Amino acid sequence: MTDNKNNKNSSNSKIYFIGAGPGDPELITVKGQRLLDSADLIVYAGSLVNPELLSSTDAQKINSYGMRLEDITSTMVEALSRGEKVVRLHSGDPSLYGAIIEQIDELAKHNVEVEVIPGVSSLFAASAALGIQLTLKGVSETLIISRPVGETLEEDDLKELSRHGATMAVFLGTHTIDEIMKTVEYPPDTPVAVVYHASWKDQKIIKGTVEDIAEKVISAGLTQSAMILIGGVVDPVQYRRSHLYSPQ
Ligand SMILES: C[S@@+](CC[C@H](N)C(=O)[O-])C[C@H]1O[C@@H](n2cnc3c(N)ncnc32)[C@H](O)[C@@H]1O
């Protein structure tokens, strides 16, 4: 079934939460792009959604940065009740640090149904930029996704989590990288990569170790919008081949 934006009727009965992908406009899913193209209203989540994605549509666009939850949801509900197709656009994949559940719960109070369309997380754009494998036999087959303390988190688990020696992806941590590297308990020579604006035209990659990465990132002037990847997979010296390509 095709979605036609000129069809302002009861068929627009739900709100689409779409993962915009990490930045490169071509990294949105085909389904996400189709829904975006047919939207009447797009409420997008701030600066990590590439404006190029929005420029191709003539839908009304609202940046939700700084808006209250109730205002975001009432704006969407009102548009939906006018028969408009409404898209809520989140950066990367909406399920990672996207705060979607509180929006979905709020929408449920208005009996509004939601469909979530996944997206390519910045985590995967960062690993692609580095050309690495986040799970690598003989190095680490476990990936921990976490974030440091910040405006919306009083206490983090980075110290305990680092004791597993797994690959760790740290979101929302560029501004506090010095603190993060002092907190984690990986050996000081553990490889670390910081990928700023993964998949954007101004993407930057900084590589180092737990010991020296903070200094490098600070002197490069990076304070936000970067992914921190910690672990041997970032610069594998020794790994084992998987069984996949070496059948016994
Ligand atoms: C609120 S979270 C949203 C994450 C998003 N849902 C995702 O899956 O990528 C914002 C954080 O994601 C990371 N991030 C988002 N886009 C990025 C990109 N293109 N490159 C590197 N990190 C990015 C940064 O750590 C940033 O502080």
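This report describes the fold, the two sheets, the ligand shell and two backbone outliers of a predicted model.

## Overall architecture

The protein chain has eight helices and 10 strands. Its C-alpha atoms fill a box of roughly 60 × 45 × 30 Å along the principal axes. Of the 248 residues in the chain, 39% are buried. Among contacts between residues at least 6 apart in sequence, 71% join residues at least 24 apart.

## Domains and their contact

The domain assignment divides the protein chain into domain 1 (14–117) and domain 2 (122–234). Taken over C-alpha atoms, the centres of domain 1 and domain 2 are separated by 28 Å. Nine residues from domain 1 and 11 residues from domain 2 take part in the contact. On the side of domain 1 that touches domain 2, there are five nonpolar, three polar and one charged residues.

## The parallel sheet

One open sheet consists of five strands in the order 3-2-4-1-5, with parallel pairing. Strand 3 (60–63) and strand 5 (113–117) are at the edges; each has a single partner strand, so one side of each lacks a neighbour in the sheet. From one strand to the next, the twist averages 20°.

Within this order, strand 1 (residues 14–19) and strand 4 (residues 86–90) run parallel and are joined by five bridges. One residue pair locates the register: Phe 17 has Arg 88 in strand 4 as its bridge partner.

## The mixed sheet

Another open sheet is built from five strands in the order 6-7-10-8-9, and its pairing is mixed. Its edge strands are strand 6 (143–146) and strand 9 (204–209), each of which pairs on one side only. The twist here averages 15° from one strand to the next.

Strand 8 (residues 191–196) pairs with strand 10 in the antiparallel sense over five bridges. Across this pairing, Val 195 stands opposite Met 227, and Ala 193 stands opposite Leu 229. Strand 8 also pairs with strand 9, again in the antiparallel sense, over six bridges. On that side, Pro 191 has Thr 209 in strand 9 as its bridge partner.

## Burial of strand 8

How many of the six residues of strand 8 are buried? Six of the six are, so strand 8 is largely enclosed by the rest of the structure. In a regular strand, side chains alternate between the two faces of the sheet. In strand 8, Pro 191, Ala 193 and Val 195 point one way, while Val 192, Val 194 and Tyr 196 point the other way. The residues of both sets are all buried.

## The ligand shell

The ligand is surrounded by 25 residues, of which the closest are Gly 92, Tyr 97, Ser 121, Ser 122 and Ala 198. Helix 5 (122–130) and strand 10 (226–230) are the elements that give two or more residues to this shell. Helix 5 gives the most, with three residues. Strand 10 thus appears in two settings: it contributes to the shell around the ligand, and it pairs with strand 8 in the mixed sheet.

By class, the shell has 13 nonpolar, 11 polar and one charged residues. Both domains take part in the shell: at least three residues come from each of domain 1 (14–117) and domain 2 (122–234).

## Residues with positive phi

Most residues other than glycine have a negative phi. Ala 99 has a positive phi of about 50° although it is not a glycine. Ala 99 lies in the loop between strand 4 and helix 4 (100–109). Is Ala 99 buried or exposed? With 11 other C-beta atoms within 10 Å, Ala 99 is exposed; the cut-off for exposed is 12 or fewer.

Ser 199 also has a positive phi, near 80°, and is a residue other than glycine. Its place is the loop between strand 8 and strand 9. Ser 199 has 21 other C-beta atoms within 10 Å and is buried, the cut-off for buried being 20 or more. The two residues thus fall into opposite classes, with Ala 99 exposed and Ser 199 buried.

Terms used. Residues are numbered from 1 along each chain as its sequence is written. This is a predicted model: local features need pLDDT of at least 70, side-chain atom pairs count only at pLDDT 80 or more; totals for chains, interfaces and linings use all residues. Domain bounds come from an automatic or database domain assignment. Two residues are in contact if their C-beta atoms, placed from the backbone, lie within 7 Å. Ala, Val, Leu, Ile, Met, Phe, Trp, Tyr, Cys and Pro count as nonpolar, Asp, Glu, Lys and Arg as charged, and the others, Gly among them, as polar. A residue is near a molecule or strand if its C-beta atom, placed from the backbone, lies within 6 Å of it. Helices (H or I, at least four residues) and strands (E, at least two) are DSSP runs, numbered from the N terminus. Two strands pair if DSSP finds at least two bridges between them. Axes are lines fitted to C-alpha atoms, for helices over the stretch in contact, and angles run from 0 to 180 degrees between N-to-C directions.
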